[in-house]
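Colleague: I'd like to learn how to read a model like this one. Could you walk me through it, feature by feature?

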Amino acid sequence: LMNINFSSKHPDPTTFVLSPNTVHVWQADLHWEHAVYEAAYTLLSIEEQQRADRFIFPHDRQRFIAAHAVLRQLLARYLHCEHQTIQYDTNAHGKPSLASPTDMKLEFNMSHSHTWSLYAMTFQDPIGIDIEQIRDNIELNNIAQRFFAAAESDALQQLPHDEQLTGFFHVWACKEAFLKALGLGLTYPLAHAVVSVDPKKPAQLISIEHDSTLAQAWSLHTLSAAQGYTAAIAKKGTIE
């Protein structure tokens, strides 16, 4: 997990190289000075600028700009190109990919929550990443019973009371990361992918549509994100 700082005046010229089964994870703080947001806005494509302009609240607009500007800066370093040449395709469920795949076969995914964003880069294999701010203003048991698998909901209630909130967001982040790797988003029922619940133990994808064999084809890991957040990454195949 590597931190990145955005600079509008002096972008870092460093380039990065990935090898098979390697994953790079970057973390960015999206709380910037106003002038930096405006400079970052110029890095976005016209379509991204239009999306940014549709936000009602300024802080939502700023975080969108920041998250997507950092993504462009990162991709440019991996692809050894200018950030403005990067173009995306999106599938039917909104997952972005490179419009013109290179020999590098770079796969990437991004997630942001409140003032933090995470980025995952890997070679060839589908990947998903998710970060969630841990919030206590939710009815976690009701949500778990509605959207989680029965085994997950039961295991969550068996955790010590003061660990249930963290456990809930641990499960949510793991599921989101997996669904994003699939490229299906929340159109895929959350209960169809069963994950481990205890946040103190290594994350595990237990089964996919009641099949544990399918789950063995995936790697699932939690990440040490910023304080007050939980995060996870899912990748088809192994991670070295």
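Modeller: Sure, we'll go through a pocket, a helix pair and a sheet. Keep in mind that this is a predicted model.

Colleague: Let's start with the pocket. What volume does the largest pocket have?

Modeller: The largest pocket comes out at about 750 Å³. Its lining has 35 residues, and the closest to its centre are R51, H68, G94, P96 and M110.

Colleague: Which element gives the most to that lining?

Modeller: That's β5, with 5 residues. At least two lining residues each come from α2 (46-53), α3 (58-79), β3 (88-90), β5 (106-113), β7 (127-133) and α6 (164-182).

Colleague: And how does the lining divide by class?

Modeller: You get 12 nonpolar, 14 polar and 9 charged residues in the lining of the largest pocket.

Colleague: On to helices. How are two packed helices described?

Modeller: You give the angle between their axes and the distance between the axes. Here, take α4 (residues 140-147) and α6: they pack at about 35°, and their axes are 11 Å apart. The crossing of this pair is left-handed.

Colleague: Which residues of α4 and α6 meet?

Modeller: From α4 you have L140, N141, I143 and A144, and they meet Q164, L165, F168 and W172 of α6. By class, the residues of this contact are 6 nonpolar and 2 polar, with no charged ones.

Colleague: Now the sheet. In what order do the strands of the open sheet run?

Modeller: The order is β7-β11-β10, so to speak a list of 3 strands, with antiparallel pairing. β7 and β10 (218-223) are the edge strands, each pairing on one side only. On average, neighbouring strands here are turned by 15° against each other, direction ignored.

Colleague: How many bridges join β7 and β11?

Modeller: There are 7 bridges between β7 and β11 (residues 229-236), in the antiparallel sense. One to look up is G128, whose bridge partner in β11 is A234.

Colleague: Where does α6 lie relative to these strands?

Modeller: α6 lies across β7, β10 and β11, and runs at about 150° to β7. You've already met α6 as a supplier of pocket lining and as the packing partner of α4.

Terms used: Residues are numbered from 1 along each chain as its sequence is written. This is a predicted model: local features need pLDDT of at least 70, side-chain atom pairs count only at pLDDT 80 or more; totals for chains, interfaces and linings use all residues. Side-chain values use heavy atoms; hydrogens and water are left out. On a 1 Å grid over the protein atoms alone, a cavity is a set of points where a 1.4 Å probe fits but cannot get out, and a pocket is an open set with protein on both sides within 12 Å along at least five of seven lines; lining residues have an atom within 4 Å of a point. Grid points are joined across faces, edges and corners, and a volume is the space filled by probe spheres set on the points. Helices (H or I, at least four residues) and strands (E, at least two) are DSSP runs, numbered from the N terminus. Ala, Val, Leu, Ile, Met, Phe, Trp, Tyr, Cys and Pro count as nonpolar, Asp, Glu, Lys and Arg as charged, and the others, Gly among them, as polar. Axes are lines fitted to C-alpha atoms, for helices over the stretch in contact, and angles run from 0 to 180 degrees between N-to-C directions. A crossing is left-handed if the near helix is turned anticlockwise from the far one by less than a right angle, and right-handed if clockwise. Contact means heavy atoms within 4.5 Å. Two strands pair if DSSP finds at least two bridges between them.
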